[in-house]
Amino acid sequence: MKKIIWSLALVIMAALGSCSSDDGSAPQSREMKYEITGNYSGEMVIVYSDEGGNQQIAEAESLPWSKSVTIDGDVSVIVLGASNSVGNPGNEGETILLKIYRGDSVVEESTVTAISDGYMNFAMTYEFD
């Protein structure tokens with residue numbers, strides 16, 4: 001499981017390292033919500049950005065999963081990622097839907113389908129204007 005978490009973290013760090021924004025305006029916090037739904041029956045490891053843009057890890061034994069966070073104004077990119085737990089993958093063809101909300105509006109979403117052995121791994125980012 002550590003190998004999967006580190007792989008997911010490296011993908012996320014590469015995405016975050018390539019993004020920045022500085023328009024000179026005063027930064028304001030943003031109300032965000034992360035949500036994962038679907039019919040995936042395996043346990044999942046979830047990576048998401050906290051208030052300061054730092055990666056946090058959560059585990060979900062079942063879906064749905066959600067987390068609301070007030071993101072600091074100086075954070076330019078946030079991330080949401082999901083990977084199966086090594087000890088309890090799902091089944092082939094099961095899906096998850098990842099969504100990032102800003103306020104009440106969906107700003108990023110993607111669907112992931114488990115491969116033949118029930119494994120899946122995916123991360124997405126959202127860059128603030």
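Before you click on anything, one cut-off: buried means under 20% relative accessible area, exposed means over 50%, and partly exposed lies in between (1.4 Å probe, protein chains only). By that rule Tyr126 is buried, at 9% relative accessibility.

A word on what is loaded. This is a predicted model, where local features need pLDDT of at least 70, side-chain atom pairs count only at pLDDT 80 or more, and totals for chains, interfaces and linings use all residues. Residues are numbered from 1 along each chain as its sequence is written, and side-chain values use heavy atoms, with hydrogens and water left out.

**Stop 1: the sheet S4-S1-S6-S7**

Switch to cartoon. Strands here are DSSP runs (E, at least two residues), numbered from the N terminus, and two of them pair if DSSP finds at least two bridges between them. Four strands, in the order S4-S1-S6-S7, make an open antiparallel sheet. S4 and S7 are the edge strands with a single partner each, so one side of each has no neighbour in the sheet. On average, neighbouring strands of this sheet are turned by 15 degrees against each other, direction ignored; the axes behind that angle are lines fitted to C-alpha atoms, and angles run from 0 to 180 degrees between N-to-C directions.

Select 30-38 for S1: 7 bridges join S1 to S6, and the two run antiparallel. Tyr34 has Ile100 as its bridge partner in S6.

Next, select 95-102 (S6) and 105-113 (S7), an antiparallel pair joined by 8 bridges. Leu97 stands opposite Thr111 in S7. S6 and S7 form a hairpin with 2 residues between them, and Gly103 in the turn has a positive phi of about 65 degrees.

**Stop 2: Lys33 and what surrounds its charge**

Show the side chains of Lys33 and Glu35. They meet in a salt bridge at 3.6 Å, N to O. The rule asks for a side-chain nitrogen of Lys or Arg within 4 Å of a carboxyl oxygen of Asp or Glu, and by it the count comes to 1 salt bridge. Lys33 is partly exposed at 28% relative accessibility, while Glu35 is buried at 15%.

Add Tyr101: the charged end of Lys33 sits over its ring, 5.4 Å from the centre. Such a contact needs NZ of Lys or CZ of Arg within 6 Å of the ring centre and within 35 degrees of the ring normal.

**Stop 3: the aromatics**

Rings of Phe, Tyr and Trp (its six-membered ring) pair if their centres lie within 6.5 Å; planes under 30 degrees apart are stacked, over 60 edge-to-face, and the rest tilted. The whole structure has 3 aromatic pairs. Select Tyr48 and Trp65: this pair is tilted, 5.8 Å centre to centre with 50 degrees between the planes. Tyr48 lies in S2 and Trp65 in S4 (65-71), so the pair ties together parts 17 residues apart in sequence. Tyr48 is buried at 10%, and Trp65 is buried at 13%. Add Tyr34, which forms one aromatic cluster with Tyr48 and Trp65.

Now go to Tyr126 and Phe128. Their ring centres are 5.1 Å apart and their planes at 85 degrees, so this pair is edge-to-face. Phe128 is buried, at 3%. Arg30 has its charged end over the ring of Phe128, 3.7 Å from the centre.

**Stop 4: the sheet S3-S2-S5-S8**

Back to cartoon. Four strands form another open antiparallel sheet, in the order S3-S2-S5-S8. Its edges are S3 (55-60) and S8 (121-127), each with a single partner strand, so one side of each is left without a neighbour in the sheet. Inside it, 5 bridges join S2 (44-49) to S5 (77-84), and Val45 has Ser83 as its bridge partner in S5.
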